[in-house]
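Biologist: Could you take me through one part of this protein in detail? I'd like one charged side chain and its surroundings, and then how that spot fits into the rest of the fold.

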Amino acid sequence: MRDCNIRWNYLCQPALNQFMKHGQDEKQQTYLAQLSEQEQEIVSFSVLAFYMQQGGFLNFFTHWDLSQLDLVRRVLRKIGARSIELLLEQSSQIIKPVLQLWPGSTLQELLQHLTEAEKEKIYALDQAYQREEEQTYYQAFCYYSG
């Protein structure tokens, strides 16, 4: 599976690097809109994986535009990662209302706005994601490299 993670990174790195170079949310979303559907999907899955490795769902939601959440869901459906899609949905139900009240919150600010029970749920969802991460890379690589 580790090999598949390396292959996925090789497949997605050029598009992801270009996306990350645009820095600000508006510029990233403009760049994303200019990509083909498949490139958008590869970037969105790569961003999910990147931010999940850097701090879990809280980190992902502080960096990913909520209006683009359906794009990530579509990718997860296409690659057959239903369990990850469910984890994303559950975390979204906790985090999205907080971000709607305090848009543009940083990770630290978001943590301050969550209750202890919500934090515990998010951490449990992060752990569930980690258990399935390698399999999800494999599914993404098989789908997009073929």
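Modeller: Let's start with Glu-41, which sits in helix α3, the stretch covering residues 37-63. Keep in mind that this is a predicted model. Is Glu-41 buried or exposed? Its relative accessibility is 2%, and buried means under 20%, so Glu-41 counts as buried. Who does it touch, once you skip the neighbours within four places in sequence? Glu-41 is in contact with Leu-71, Arg-74, Val-75, Lys-78 and Tyr-144.

Pick Val-75 from that list and look from the other side. Val-75 belongs to helix α4, and with a relative accessibility of 1% it counts as buried too. Again leaving out neighbours within four places in sequence, Val-75 is in contact with Glu-41, Ser-44, Phe-45 and Tyr-144. So you can find Tyr-144 in the contact list of Glu-41 and in that of Val-75 as well. For a sense of spacing, take Val-75 and Phe-45: they are 30 residues apart in sequence, yet their C-alpha atoms are 6.8 Å apart in space.

Now walk along α4 itself. Its buried residues are Leu-69, Leu-71, Val-72, Arg-73, Val-75, Leu-76 and Ile-79. You'll notice an arginine, Arg-73, among the buried ones. After α4 comes Gly-80, with a positive phi near 80°.

Leu-76 is worth a stop. Apart from neighbours within four places in sequence, Leu-76 is in contact with Phe-45, Leu-48, Ala-81, Arg-82, Ile-84, Glu-85 and Leu-88. Phe-45 therefore turns up beside Leu-76 and beside Val-75. Leu-76 also has a part in the largest nonpolar core, a group of 46 residues. Which of its members touch the most other members? They are Trp-8, Phe-57, Phe-60, Trp-64, Leu-76 and Leu-88. The helices that give two or more residues to this core are α1 (2-21), α2 (25-34), α3, α4 (69-79), α5 (82-101), α6 (107-113) and α7 (116-145). Helix α3, where we began, makes the largest contribution, at 12 residues.

Arg-73 leads us on to α5. Ser-92 lies in that helix, and it is buried, with a relative accessible area of 3%. Beyond its neighbours within four places in sequence, Ser-92 is in contact with Phe-61, Leu-69, Arg-73 and Pro-97. Two of these, Leu-69 and Arg-73, are on the list of buried residues in α4.

Phe-61 takes us to the largest pocket, which has a volume of about 230 Å³. Its lining is made of 12 residues, and those nearest the centre are Phe-61, Trp-64, Leu-66, Leu-99 and Gly-104. Helices α3 and α5 are the elements that give two or more residues to that lining. The largest share, three residues, comes from α3. In character, the lining divides into five nonpolar residues, five polar and two charged. Trp-64 is named here among the residues nearest the pocket centre, and it was also one of the core members with the most partners.

Not every residue in α5 is tucked away. Leu-101 is in that helix, but it is exposed, with a relative accessible area of 61%. Its C-alpha atom is 9.5 Å from that of His-113, which is 12 residues away along the chain. Over in α7 you have Ala-128, which counts as buried at 14% relative accessibility. The C-alpha atoms of Ala-128 and Ser-36 are 31 Å apart, with their positions 92 residues apart along the chain.

Finally, step back to the whole protein. The secondary structure comes to seven helices and zero strands, so along the sequence the pattern reads α-α-α-α-α-α-α. A compact globule of 146 residues would have a radius of gyration near 15 Å, and the protein agrees, with 15 Å. Along the principal axes, the C-alpha atoms fill a box of roughly 45 × 35 × 20 Å. Buried residues account for 46% of the 146 residues. Among contacts between residues at least 6 apart in sequence, 72% join residues at least 24 apart. The pair we met earlier, Val-75 and Phe-45, is 30 residues apart.

Definitions and conventions
Residues numbered from 1 in each chain as written. Predicted model: local features only at pLDDT ≥ 70, side-chain atom pairs only at ≥ 80, totals over all residues. Heavy atoms only, no water. Helix = DSSP H or I, 4+ residues; strand = E, 2+ residues; numbered from the N terminus. Buried < 20%, exposed > 50% of the residue type's maximum accessible area, 1.4 Å probe, protein only. Contact = heavy atoms within 4.5 Å. Core = buried A, V, L, I, M, F, W, Y, C linked by side-chain atoms within 4.5 Å. 1 Å grid on protein atoms, 1.4 Å probe; cavity = no way out; pocket = protein on both sides within 12 Å on 5 of 7 lines; lining within 4 Å. Points joined across faces, edges and corners; volume = space filled by probe spheres on them. Nonpolar A, V, L, I, M, F, W, Y, C, P; charged D, E, K, R; others polar. Rg over C-alpha atoms; globule rule 2.2 N^0.38 Å.
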